[in-house]
There are 2 protein chains.
Amino acid sequence: MSPSIDIDIREETDVVVSNPLTIDSVTTWRTKTTVPTGTAPFTSSEMFKSPSPILKQAADYLKIPGLISLGGGLPSSEYFPIEEINLRVPNSPHFEAATLKSGGIATARKHDIRNKISQYDLEVALNYSQSTGSPQLLRFVTEHVEIVHCPPYSDWQCILTSGNTSAWDTALRILVEKGDYILTEEYTFSSALETAFPLGVRTVAVKMDTQGCLPESLDETLTDWDESARGARKPRILYVIPTGQNPTGATQGLERRLELYRVAQKHDLFIVEDDPYYFLQIEPYTPPDEPSIPPPSSHDEFLKALVPSFLSIDVDGRVLRLDSFSKVISPGSRAGWIVASEQIVDRFIRLFECSTQNPSGISQIVLFKLLDEQWGHPGYLDWLIHLRMHYTERRNTMVQACEKFLPLAVASWAPPSAGMFHWIQVDWRKHPGVRSGMTHDSIEMAIFKAAVDRGVLVSRGSWFRADKSLIEENMFFRVTFAAAPADKISEAIRRFADALRAEFGL
Amino acid sequence: MSPSIDIDIREETDVVVSNPLTIDSVTTWRTKTTVPTGTAPFTSSEMFKSPSPILKQAADYLKIPGLISLGGGLPSSEYFPIEEINLRVPNSPHFEAATLKSGGIATARKHDIRNKISQYDLEVALNYSQSTGSPQLLRFVTEHVEIVHCPPYSDWQCILTSGNTSAWDTALRILVEKGDYILTEEYTFSSALETAFPLGVRTVAVKMDTQGCLPESLDETLTDWDESARGARKPRILYVIPTGQNPTGATQGLERRLELYRVAQKHDLFIVEDDPYYFLQIEPYTPPDEPSIPPPSSHDEFLKALVPSFLSIDVDGRVLRLDSFSKVISPGSRAGWIVASEQIVDRFIRLFECSTQNPSGISQIVLFKLLDEQWGHPGYLDWLIHLRMHYTERRNTMVQACEKFLPLAVASWAPPSAGMFHWIQVDWRKHPGVRSGMTHDSIEMAIFKAAVDRGVLVSRGSWFRADKSLIEENMFFRVTFAAAPADKISEAIRRFADALRAEFGL
């Protein structure tokens, strides 16, 4: 497709709204923001952020009334063989499938914009779009970012992505060159590493504790960097999963984040914050005999209970936040967003034009209907609280099963406070094979196989090691509490316990 | 997400079906192919191609009954807040929105697989998937490819992509290195060039006539290749848009394709066939006073009326075909597919795992419901015939308006036989500005602006030039007949004619 000339005008702002946006002020602010509703209109999160004193307000859209475009190769909507999409969705406060009759039906037709029924319709969603994503969904996302993270500098922007894997690949293509090193946590998301390696990018592993990445280790690595020994310039990119880290489940507290940010400032590092588990921050662990913790009593209380993101403390524009609907709505939507400074976002827009273009318009209109039209911001926060309570329960089930079944002589863990993953350390030096010369690797493999033989699939910790050239001191297994039903979680841990007992002769 | 262990078994084949598949034999063949219906199951087009004597038939899937996976970070479907999607779609033979009450309603619920209502459901579509795309949609696409193109070698494969732009970007990342040259048509899709240039890839322009790429020019370029003068090895990749070429509208006849293929064999070239307009091959142009041509009387007649693709003549596995639903169903779906040899497809799978992963699951289930469950192959071919007749009419409207309005003293064209684009040559040397020293570029710009001033947006031919260092002999403007309604097409051409008359003082 070719770029289209958009027909729209940005209005001057004369309403006073809170800056930053809150969920209460969104409605007022929306009376002054305009969603361009044409096919593939130009859009920018600048159109939806609340006004800031240093923000330039310009009517920078071309308006040519009556123009007929023979320019772009966009098919006519009469050739889209989908006339209507209806969604049945659960609604707050209970979100129960059983009460779905009191839930909502969201409908998208071809000409809802023309017929003034909605600001988004199939005529637009099923056609090409700009590589920012549609204004309709981008507005919701921009408002959400401002409500939750409130970036402390003015020229932040967001655009939609096709999910964090694609966004991370794009970030690497923009930010690093072949031969560069990037900094990652000692154990990290294996797919993030597999994305980097084929680009000729190498990793330096930063040591971790139960809060993830250690600032001293980061500082030391950079301070001691020896260009000639390493054969590469000093790393400029730190990749972190700050919340419910994959695979360790570690969550950095605010103090830890501030310390890491100061090290980043000292060495002029750019931080890529891959944070799909942000809203899977859960309540503290309670053993079976203690009463469970009630949900947050208000949206404010909920938002205040979340550890601030790196984006929230980023005064320099040195953070690229990768965010996604995968863990909170649907991974299949392949839709997420990034937040960063305008210069960085502009590079993403250019690269998306020549790669993914934009997330599926079908995904976008489904998300818009659900998030904007059915739920709105309050309903979405209710949903996120609902998830928080369910994941709290799942984590409790998992940790309780570990307490009940795992042999404490060789297994240890800390209950995770966010995410989907529980990280179990195994004292491999107690394995009888050590005496007969079995290596760390072969013992880990033996335990993995013993678990599969007993009908449970776990992930080997070594799969997630950032620097495979280092000797691995410890041994871990990653298990998830996201997927299986509660009774299966317990049974699976019982099987894993059997495998450990058999392997260690306990 | 981590890879899941799939639970499925490929059955041995004992039914006899036509090889290649036809739309009549699909039903029989499907009784022996199995669609894995779990979340993110392993899939391969090998599972859906009809049996071939040299094809290895192996039960190569792992079966572990009762295994509980704590391995991959896949959310449970109870946390997908979309319970049901209903689609209203037009049906064959008339596909009229007006008769939609006789059209179809396709429904996808969360547990249609478990409840034996469908082979695909929201539990699977809304979760992560393998980077092949879902087996459900991949099966339809594989069968479609075999029915239409019937690749003449056995180890061809297809997988789904996030559209041709993303597939082309991926192809470049796999097939070329920084500094390489690729071969393209003299005028080509500007976005394809913009994808190549930032990768450090340069282009060599192959001369064209009304059938596109000239074999002699291709052969000459390669025969005369001077590595030291060019500072690069001989090009190995030819990028072509063989049908309804963007921007020229040219379609290569079968003879032309065979000649180009022979040159590719001679120089061991790999052909990337970017062919989104394949099913926009239309009937020959008829002037207003002649009766219009009736639609093909059968599916067979329709398929035979299409020029065979490069894939159809590829005996060596040297063709990568990029195909897409963008021009025939919906660009917003961001879903397409590739066909190539197993080795090439395997590289795509690996790169997709670390980039786009797969097209949106929401797009995939919508396409599956429409194409497989509502229409089936016969209904889809009816739809494609329906499009063929509508685009024939649109092209006729466009060419008739050109005949009526454009000044023949300076404008000339050939009626396109496929695609969305009409390519108008303008004899710029007759422009009065030539005498006062205006350049080709400034005259093209002046005509473009004169058209915009009169309310019509056209595309400048120079935007599509593959090698901007060459002097441009001729001048062209690209107009599309895909987008505007019939009366607007005529009016737009009238305005463009006014602009030409004003510029040339006619």
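These exercises work through the chain interface, the domains, a sheet and some local geometry of a predicted model.

Residues are numbered from 1 along each chain as its sequence is written, and chains are lettered from A and ligands numbered from 1 in the order in which they are written. In this predicted model, local features need pLDDT of at least 70, side-chain atom pairs count only at pLDDT 80 or more, totals for chains, interfaces and linings use all residues, and side-chain values use heavy atoms, with hydrogens and water left out.

**Exercise 1. Describe the interface of chain B and chain A by contacts, area and polar pairs.**

Step 1. Count the contacts (heavy atoms within 4.5 Å). On chain B, 91 residues touch 91 residues of chain A.

Step 2. Take the area. The size of an interface is often given as the accessible area lost when the parts come together. Buried area here is that loss with a 1.4 Å probe, summed over both parts. Chain B and chain A bury about 7400 Å² between them. Carbon and sulfur atoms give 60% of this area.

Step 3. Look for salt bridges (a side-chain nitrogen of Lys or Arg within 4 Å of a carboxyl oxygen of Asp or Glu). The rule finds six across the interface of chain B and chain A. Arg173(B) and Asp169(A) form a salt bridge, with N to O at 2.9 Å.

Step 4. Add polar contacts. The term means a pair of N or O atoms within 3.5 Å; within protein, one must be able to donate a hydrogen and the other to accept it, and residues adjacent in sequence count only if both atoms are side-chain atoms. Between chain B and chain A, 49 residue pairs are in polar contact, both residues at pLDDT 80 or more.

Step 5. Assign the chain B side to elements. Helices (H or I, at least four residues) and strands (E, at least two) are DSSP runs, numbered from the N terminus. Elements of chain B that each supply at least two residues include helix H4 (164-175), helix H11 (361-405) and helix H13 (486-504). H11(B) gives the largest share, 12 residues.

Step 6. Sort by class. Ala, Val, Leu, Ile, Met, Phe, Trp, Tyr, Cys and Pro count as nonpolar, Asp, Glu, Lys and Arg as charged, and the others, Gly among them, as polar. The side of chain B that touches chain A has 48 nonpolar, 28 polar and 15 charged residues.

**Exercise 2. Find how E1(B) pairs with a strand of chain A.**

Step 1. Apply the pairing rule: DSSP must find at least two bridges between the strands.

Step 2. Strand E15 (residues 456-457) of chain A runs parallel to E1(B), with two bridges.

Step 3. Name a bridge. Leu457(A) has Ser69(B) as its partner in E1(B).

**Exercise 3. Characterise the contact between the two domains of chain A.**

Step 1. Set the bounds, which come from an automatic or database domain assignment. Domain 1 of chain A is 38-51 + 130-367, and domain 2 is 388-504.

Step 2. Place the domains. Their C-alpha centres are 27 Å apart. Domain 1 of chain A puts 36 residues into the contact, and domain 2 of chain A puts in 27 residues.

Step 3. Take the area. The two domains of chain A bury about 2700 Å², 61% of it on carbon and sulfur atoms. Tyr187(A), Ile282(A) and Tyr285(A) supply 30% of what domain 1 buries against domain 2, more than any other three residues.

Step 4. List the polar links. One salt bridge crosses this domain interface. Polar contacts join 15 residue pairs, both at pLDDT 80 or more.

**Exercise 4. Trace the open sheet of four strands in chain A.**

Step 1. Read the order: E13-E14-E17-E16, with antiparallel pairing.

Step 2. Find the edges. Strand E13 (411-412) and strand E16 (459-460) of chain A each pair on one side only.

Step 3. Inspect one pair. Strand E14 (residues 421-426) and strand E17 (residues 476-480) of chain A are joined by five bridges. His422(A) is bridged to Val479(A) in E17(A).

**Exercise 5. Examine Asp268(A) and the cis peptide bonds at Pro93(A) and Pro247(A).**

Step 1. Locate Asp268(A): the loop between H8 and E10 of chain A. Its phi is near 50 degrees, a positive value in a residue other than glycine.

Step 2. Find its partner. Asp268(A) and Arg318(A) form a salt bridge at 3.0 Å, N to O. The two residues are 50 residues apart in the chain.

Step 3. Check the prolines. The bond from Ser92(A) to Pro93(A) is cis, with omega near 5 degrees. Asn246(A) and Pro247(A) are also joined by a cis bond, with omega about 15 degrees.
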